[in-house]
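These are my notebook entries on a structure that I had not examined before. I set down what I looked up, topic by topic.

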Amino acid sequence: MLNKKLRYLSHLAIIGLALLPVSQAFAADEEEEDKEWREVALQLPEAPKAENLLNFYKSPSQSFAIDTKSLTVAADGTIRYSLVATSSGGAKNISYEGLRCQTYEVKLYAFGRPDGTWSRSRRNQWDTITNTGANKQHATLFSEYFCEGKTIAGKASVLLDKLRGKRTSYY
């Protein structure tokens with residue numbers, strides 16, 4: 001009887017030790033979630049050039065393109081890019097933006113000027129992406145190109161391939 005109890009207790013100890021890495025992994029995940037997110041310093045890219053623009057969305061009144069040379073995945077988990085919006089009348093608006101898959105948010109960092117320089121945005125906050133009205137460009141970037149749920153869909157080269165219509169194989 002004593003031997004059975006000792007064997008039973010030793011089995012419980014072995015199971016407990018086997019589960020220890022799993023419990024530590026859960027604790028690490030909780031710590032990761034509890035860490036305060038910090039945005040990395042902003043580095044403005046060169047002004048977009050027409051030959052580097054890649055169209056990805058068209059509304060009834062505007063078409064939207066990404067400057068392929070500006071697209072980066074930053075160390076803080078943001079996707080940063082220059083966006084060029086062209087109205088049906090030909091007017092262009094250029095912006096440098098960031099998108100966060102984890103929180104479904106977008107941030108405007110700067111506006112492009114006609115001389116190729118940037119004017120930093122006075123608004124320094126992240127906004128929830130909207131998927132209503134004519135301006136669905138951010139929701140389109142989120143759902144079709146940049147994010148898989150709350151996760152970035154890959155490094156910058158993969159995101160560019162998705163924008164170009166190439167499918168990535170996961171073999």
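**Entry 1. Overall make-up.** I began with burial, for which a residue counts as buried when its relative accessible area is under 20%. The model I consulted is a predicted one. Of the 171 residues in the chain, 34% are buried. I found 3 helices and 10 strands. Read from the N terminus, the order of the elements is α-β-β-β-β-β-β-β-β-α-β-β-α. I also looked up the contacts between residues at least 6 apart in sequence, and 44% of these join residues at least 24 apart.

**Entry 2. Strand E4.** I turned next to strand E4, which spans residues 78-87. How many of the residues of E4 are buried? I noted 9 of the 10, so the strand is largely enclosed by the rest of the structure.

I then listed the partners of E4. Strand E2 (residues 62-67) runs antiparallel to E4 and is joined to it by 5 bridges. Within this pairing, Ile-66 has Leu-83 of E4 as its bridge partner. Leu-83 also stands opposite Ser-95 in E5. Strand E5 covers residues 92-100, and 9 bridges join E4 to it, again in an antiparallel arrangement. Strand E3 (residues 72-73) is antiparallel to E4 as well, with 2 bridges between them. Here Val-73 is paired with Ile-79 of E4.

**Entry 3. The two hairpins of E4.** I looked up the turns on either side of this strand. The hairpin of E3 and E4 has 4 residues between the strands, and Gly-77 takes a positive phi near 85°. The hairpin of E4 and E5 likewise has 4 residues between its strands. In that hairpin, Gly-90 has a positive phi near 100°.

**Entry 4. The disulfide.** I recorded 1 disulfide in the structure. Which cysteines form the disulfide? They are Cys-101 and Cys-147, whose sulfur atoms are 1.9 Å apart. The torsion about their S-S bond is about -75°, so the disulfide is left-handed. Cys-101 lies in the loop between E5 and strand E6 (105-112), whereas Cys-147 belongs to strand E9 (residues 147-148), so the pair ties together parts that are 46 residues apart in sequence. Both ends are enclosed: Cys-101 is buried at a relative accessible area of 2%, and Cys-147 is buried at 5%.

**Entry 5. Helices H2 and H3.** I examined how helix H2 (residues 137-146) meets helix H3 (residues 156-163). Their axes come within 9 Å and cross at roughly 105°. Angles of 65 to 115 degrees count as roughly perpendicular, and H2 is therefore roughly perpendicular to H3. On the H2 side the contact is made by Leu-141, Glu-144, Tyr-145 and Phe-146. Leu-159, Lys-162 and Leu-163 make it from H3. By class, I noted 5 nonpolar residues, 2 charged residues and no polar ones in this contact.

**Entry 6. Trp-126.** My last search concerned Trp-126, which lies in the loop between strand E7 (118-120) and strand E8 (127-128). Is Trp-126 buried or exposed? Its relative accessibility is 14%, so Trp-126 counts as buried. Leaving aside neighbours within four places in sequence, I found Trp-126 in contact with several residues, among them Trp-37, Glu-39, Thr-78, Gly-98, Leu-99, Arg-100 and Tyr-109. Leu-99 is 27 residues from Trp-126 in sequence, and their C-alpha atoms are 8.7 Å apart in space.

Definitions and conventions
Residues are numbered from 1 along each chain as its sequence is written. This is a predicted model: local features need pLDDT of at least 70, side-chain atom pairs count only at pLDDT 80 or more; totals for chains, interfaces and linings use all residues. Side-chain values use heavy atoms; hydrogens and water are left out. Buried means under 20% relative accessible area, exposed over 50%, partly exposed in between (1.4 Å probe, protein chains only). Two strands pair if DSSP finds at least two bridges between them. A disulfide is a pair of cysteine sulfur atoms within 2.5 Å. Axes are lines fitted to C-alpha atoms, for helices over the stretch in contact, and angles run from 0 to 180 degrees between N-to-C directions. Angles under 35 degrees count as roughly parallel, over 145 as roughly antiparallel, 65 to 115 as roughly perpendicular and the rest as oblique. Contact means heavy atoms within 4.5 Å. Ala, Val, Leu, Ile, Met, Phe, Trp, Tyr, Cys and Pro count as nonpolar, Asp, Glu, Lys and Arg as charged, and the others, Gly among them, as polar.
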